[in-house]
Amino acid sequence: MKYASNTIRNILVAGHAGCGKTTLTEALLYTAGSLERMGRVEEGSTVSDFDPEENKRHASLSTSVVPVEYDGIKFNLIDAPGLFDFEAGNYEGITAADSVLICVSGRSGVSVGAEKAFHLARKNKKSTMVFVTKMDLENADYFKILEDMKIKFGSTVCPCVVPVKLDDGTVCYINLFSQKAFKYESGKQIQVELPDIGHRFQGLIEAMSEAIAETDDALMEKFFGGEAFTTEEIVEGMRNGVKKGLITPILCGSAVNLQALDMLLFNMRKLLPSPSFDVLEAETADGNIVELKCDENEPTAAYAFKTVADPFVGKLSYFRILSGKLTPGQVLVNARTGESEKMGKTLMVCGKKQTEADCIGAGDIGAVAKLNTVRTGDTLCDASRVVSLPKAAFPKPSMFMAVTVNKKGDEGKIGGALARLMEEDPTLSYETNKETKEQVIGGLGEQHLDVVVSKLKNKFGVEIGLEVPRIAYRESIRKPCQKQGRHKKQTGGHGQFGDVIINFEPYDGEEILFEEKVFGGSVPKNFFPAVEKGVRMAAEKGVLAGYPVVGMKATLLDGSYHPVDSSEMAFVMAAKLAYKAALPEACPVLLEPIHTLKAHVPNDNTGDVMGDVTKRRGRVLGMEPDEDGLQTVIAEVPLSEMQTFTTFIRQATQGRGWFETEFARYEVVPSNLVPGIVEQAKKLGNLNEENDD
C-alpha cells in the first residue's frame, strides 16, 4: 500500500541497551495487528533483531526498519542498538528520521544511552518524545524518573500520560489531555474512575498548560487570563511545540504487558511531525544551495542511510525518499560519483522481510538491492537536479587490533571480506601497516571487534584471531661518530673495492640526510649515489632493536677507489660497513610514536582522565570547553600506552565520553623500557643479520 507523505512518521527508536526498545517495537507491531504472536528478545524471535549474531547475543547490533501501520498512518520505526560499540546505528537512523522516540526503562531510569539519544536529536534538529516502559514493575518510580529527565533534558520535558497504582496493585494510566484514566487487560483498554493523586494532578495539568502556552502568543494570553484550553488547543499547541523542539512529551506504559501502547500510537500520530512539510537544503556540484520539498511531483532525490552487504543475498541499500519517488528501472545519478545508476526492484522492508513495491513515495523509507557502487551517505538524484546532502558524521574507530590468520589460504580473503563489512559499518576500519606488515582492524570497542570476527567466520568463512598490534618504533643517535668502511674482495678476475669515511651525526628532522664533502676525487662523483644508497639501506635497520633509523645526517668525507675493481655495489657495501661500525658508538636510542589525545568527557571526569593519562606516561597540555556540556582534555600520550584507553574512558564516563588521537612526533623511549622492546624485537626476528655478501 502506498502512503501519502502526510500519513507517514519516520521515527528513530533510541535509548540505552536493555531499556526495552526492541520489545517496544515488537509490541507496537502486535498492537497494530501485524503480528499474531509477540516475539521475545530472549528467544531471538523478534522482527527487528533477525541477524544470527543478534539472536546469539540477545541484543540489537544494527538498525532495522520496522513499519507499523495503524489507523491509516505508517510509522517507519528505526530500531537502533543501545550498546555503545554499535552506536553507528543511531547515526544512520537519525538521517532518515524526522523524530526520535527515546525509550527509558521504568526500572533503571534515565541512563546514558537516553541522554545521548536526546542530544543527538537536538543536534540534528529532530523532534523528541519519551516513552517510559516497564511501568508495571514493582520498583518503577515514574515521578523520580520525571525529575531526573527535567535535570538531564531541560525544561522541554512535559508529562502527558501518568501511571497510578490502584489499591489492588493494578497500574492505571491517566491521560492528561482528556483527563481520563484507563487500565489494561490483555492489551485491551478499560476506562476507570480518575484516581485521586492530590495536588500532583493539578500541578501536572498546570505544567502542561504552561508548556503549551509558550508555543503561541494567543495561547499565552489565554493562559495568563486564567482560561482553560480546549482539547483541540492542547493537541495543536503540543504538536507545534514538539515540532519546534520546545516540548518533549513524556508517555509511559508497559511493552511486555501491552499497557498504554494505544495512547503512545495515538500521540505519535497527533504530535510527531510527518515529512510532508519537510524542506531540506541540499548542495549542487557548484556549491549552490537548493531546497528539496517532500513532494512526489518534484525531481527524485533519495538518500542512502544504511547498507547491508550479505555474501548470499547481495548488497541492499536503504533509502529515505527526500523528494519525487523511487521506481524499478528508474535511472538516477549518484551525486558522489557523477555516474548513473539503474534501479532494480524497489522493496519495502520489515526486519528481514522484503516485499516488492511498485514505487517508494516521497517521505517514505524503502530499499533497493544490488546497487554495487552506492555507499551509505550517497544521494541519488534525477539527472535534471543533481544535489547531495551532508553525510552523517560517524564515530571514528578507537580500538585497534592486529589480525592473525587461523586457516592457511585465508590471507587473501580477509581484505575482500572486511571491505564488504566496512560497506555496511562506517565505524569499522582496516589497513595493512606498511612498517609492521600487520593487517590492522579498528572499531569502537572489544564487543564490536568480537562481532566482526564472528561475522567473518559465519558469513564469509574466514577465521581470524586478534592480537595487540606491534608499535612502529624508530631509532636514532645522540652524538656524532666518524668511521671508515672498507669493502675489499678478490675472487679471480675483477675484484670488489670500495672505501669510504663517513661522519654520522644527529639531525633535527624525521628523515636521513646525506651530504658529501669529498676533496681531491678520493671517491669519484659517480659513486656518490651508491654511497648514499648504502647508508639509506643500512638505516632501514637500527642496531638496538632493528627499527628504522631517523634524524641522522651522514656526510661522506673521504675514501679511496680502485680504477678496475671499484663498482657501485662495492661502495654500497662500504657505506653499510661504515654505518655498522659507527652506530653502536653514536649513542643509539629508541624512539616511540607520541600521539595527541583529545578526550571529550563530562566535567566530573576530567580529573580521572588526567590521572589516567599521567599513569600512561602522558602529558596533559590543557582543557577547553566542548559541545553537549563536555570538556576536552588535550594531552600527549605514547601510542604503546593507548591500547586499553577505549575501555577506560567508557567505564570512567559510563559511556558519555569519547576520544580521538593523531600522530604528533617521535620521542626517546625511557631507558627502563628499552630492554623489553629489544627482547620483543629479537622474538620478532627484527635483529636477524642480513647477508651482505
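This passage describes the overall make-up of a predicted model, one of its sheets and two loop residues. Local features are reported where pLDDT is at least 70 and side-chain atom pairs where pLDDT is 80 or more, whereas totals for chains, interfaces and linings use all residues. Residues are numbered from 1 along each chain as its sequence is written, and side-chain values use heavy atoms, with hydrogens and water left out.

The protein has 16 helices and 35 strands, taken as DSSP runs numbered from the N terminus (helices H or I, at least four residues; strands E, at least two). Its C-alpha atoms fill a box of roughly 110 × 55 × 50 Å along the principal axes. Of the 693 residues, 54% are buried, a term that stands for under 20% relative accessible area, with exposed meaning over 50% and partly exposed in between (1.4 Å probe, protein chains only). The accessible surface comes to about 31,400 Å², and carbon and sulfur atoms account for 49% of that area, as computed by the Shrake-Rupley method with a 1.4 Å probe. Among contacts (heavy atoms within 4.5 Å) between residues at least 6 apart in sequence, 71% join residues at least 24 apart.

One open sheet consists of 4 strands in the order β24-β25-β23-β26, with antiparallel pairing, where two strands pair if DSSP finds at least two bridges between them. Because β24 (429-432) and β26 (464-467) each have a single partner strand, these edge strands are left with one side that has no neighbour in the sheet. Neighbouring strands are turned by 35 degrees against each other on average, direction ignored. Within the sheet, β23 (residues 399-405) and β25 (residues 439-443) pair in the antiparallel sense over 4 bridges, and F400 stands opposite G442 in β25. Helix α11 (residues 446-460) lies across β23, β25 and β26, and runs at about 125 degrees to β25; axes are lines fitted to C-alpha atoms, for helices over the stretch in contact, and angles run from 0 to 180 degrees between N-to-C directions.

Most residues other than glycine have a negative phi. Against this background, H58 has a positive phi, near 55 degrees, and is placed in the loop between α2 (52-57) and β2 (64-70). H58 counts as partly exposed because its relative accessibility is 41%. A260, likewise not a glycine, has a positive phi of about 65 degrees and is found in the loop between β11 (248-252) and α9 (261-271). With a relative accessibility of 1%, A260 therefore counts as buried.
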